[in-house]
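This briefing accompanies the sequence and the three-dimensional structure shown below. It begins with one helix and then widens to the overall form, a second helix and some backbone details.

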Amino acid sequence: MRTDVWQHLHDDLTPGVQPDGETFAVPFGAHQLLLPIRVLADGRGVASLIVNQASFSVLDALADAVADGLRPHAPEVIVGVPTLGLTLAEAVARRLGHARMVPLGTSRKFWYDEDLSVELRSITTPGGGKRLYVDPRMLPLLEDTRVAVVDDVLSTGASIASTLRLMDLAGIAPVAIGAAMLQGEGWREKVGATPVVGAFATPILTKTPEGWT
C-alpha cells in the first residue's frame, strides 16, 4: 500500500487515474496532488483525501486555496465541521486573520442542548449513529455576523446538509461553504443557494475491465 499519497505537490503527473491503477492525480493550481482510490460499497471509486494525514506543505496549500476562495465572501467567523474539517478550518481561519474559530462537535458535553443537534451521516460513516452539536456558549459568536462553514470534503452532501440544518436551528445562514475537495456532484443539491468554494474537484470513478474511468 502506497504511503506517499497527499504528501507532495507534483509537477510531472498526468491528471487522472495513474498507471498503478490505485491512485488518482488531480490538478491543483499549477501542480498535481496524488490521491488514493477507495472503493465504495456500490463498486464505484473515489479519490480520497485525509487532510490530517497530509504533509504540512500540502495542508498549507489547501488552506491557502480555500481561504483565497472564501475571502471575497468576507466571513467574520469560520465554523469547522468534525472531524477532519476542523484541521482545515483552523488553518483557514488563521489565514483570514481571525483570532479563533467555532468548532462543531460529535461529543455531547453535559451543558449542551439536545435541541441544538442533528443526526450526522457521511460517505465514510453511512450507518450514522452520530449527532452533530454546536456548543451553546459559542452562539453569541455566530449571531449577527458573517459565518462561513469549512469541511474537508463535500461528496454525497450528507454531512454538509446536517451542518446546514444545525446552522438553521441556531438561526445562522452561512455566507459561503469552503472545502478542500469537491467530490462528484451529489453535494450540489444539498447546499441550495449557498456559495461553495473548493481547492480542487474530483470525479466519481467507474470500474471497467480496462480499469478505473
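In this predicted model, the buried residues of helix 1 are Val-58, Leu-59, Ala-61, Leu-62, Ala-63, Val-66, Ala-67 and Leu-70. The helix to which they belong runs over residues 56-70, and because a rise of 1.5 Å a residue gives its 15 residues an expected span of 21 Å, the 21 Å between its end C-alpha atoms agrees with expectation. The points that follow place helix 1 among the five helices and 15 strands that make up the secondary structure of the protein.

**Overall form**

- The protein has 213 residues and a radius of gyration of 17 Å, which agrees with the value near 17 Å that a compact globule of that length would have.
- Measured out along its principal axes, the C-alpha trace spans about 55 × 35 × 30 Å.
- Of the 213 residues in the protein, 50% are buried.
- When contacts are restricted to residues at least 6 apart in sequence, 60% of them join residues that are at least 24 apart.

**Surface and charge**

- The protein exposes about 10300 Å², and 52% of that area is supplied by carbon and sulfur atoms.
- There are 18 positive and 24 negative charges in the protein, and the mean positions of the two sets are 4 Å apart.

**Helix 4 and its surroundings**

- Helix 4 covers residues 158-169, and because its twelve residues should span 16 Å at 1.5 Å a residue, the distance of 17 Å between its end C-alpha atoms agrees with that expectation.
- The buried residues of this helix are Ser-159, Ile-160, Ala-161, Ser-162, Thr-163, Leu-164, Leu-166 and Met-167.
- The cover over the buried residues of helix 4 includes strand 6 (77-80), strand 8 (117-120), strand 9 (130-133), strand 10 (147-154) and strand 11 (176-183), together with helix 5 (188-191).
- Thr-163, which has its place in helix 4, has a relative accessible area of 0% and therefore counts as buried.
- Leaving aside residues up to four places away in sequence, Thr-163 touches Val-81, Leu-104, Leu-132 and Val-149.
- Just after helix 4, Gly-171 takes a positive phi of about 75 degrees.

**Backbone details**

- Most residues other than glycine have a negative phi, and most peptide bonds are trans.
- Trp-6, found in the segment before strand 1 (9-10), is not a glycine and yet has a positive phi of about 45 degrees.
- The relative accessibility of Trp-6 is 3%, so this residue counts as buried, the cut-off being under 20%.
- Ala-74, placed in the loop between helix 1 and strand 6, likewise has a positive phi, near 50 degrees, in a residue other than glycine.
- With a relative accessibility of 40%, Ala-74 counts as partly exposed, because that value falls between the 20% limit for buried residues and the 50% limit for exposed ones.
- The peptide bond from Pro-82 to Thr-83 is cis, with omega near -5 degrees, and Thr-83 lies in the loop between strand 6 and helix 2 (85-95).

Technical notes:
Residues numbered from 1 in each chain as written. Predicted model: local features only at pLDDT ≥ 70, side-chain atom pairs only at ≥ 80, totals over all residues. Heavy atoms only, no water. Helix = DSSP H or I, 4+ residues; strand = E, 2+ residues; numbered from the N terminus. Rg over C-alpha atoms; globule rule 2.2 N^0.38 Å. Buried < 20%, exposed > 50% of the residue type's maximum accessible area, 1.4 Å probe, protein only. Contact = heavy atoms within 4.5 Å. Areas by Shrake-Rupley, 256 points an atom, 1.4 Å probe, with all protein chains shown as cover. Lys, Arg positive; Asp, Glu negative; His and termini not counted. Charge placed at Lys NZ, Arg CZ, Asp CG, Glu CD. Expected span 1.5 Å × (residues − 1).
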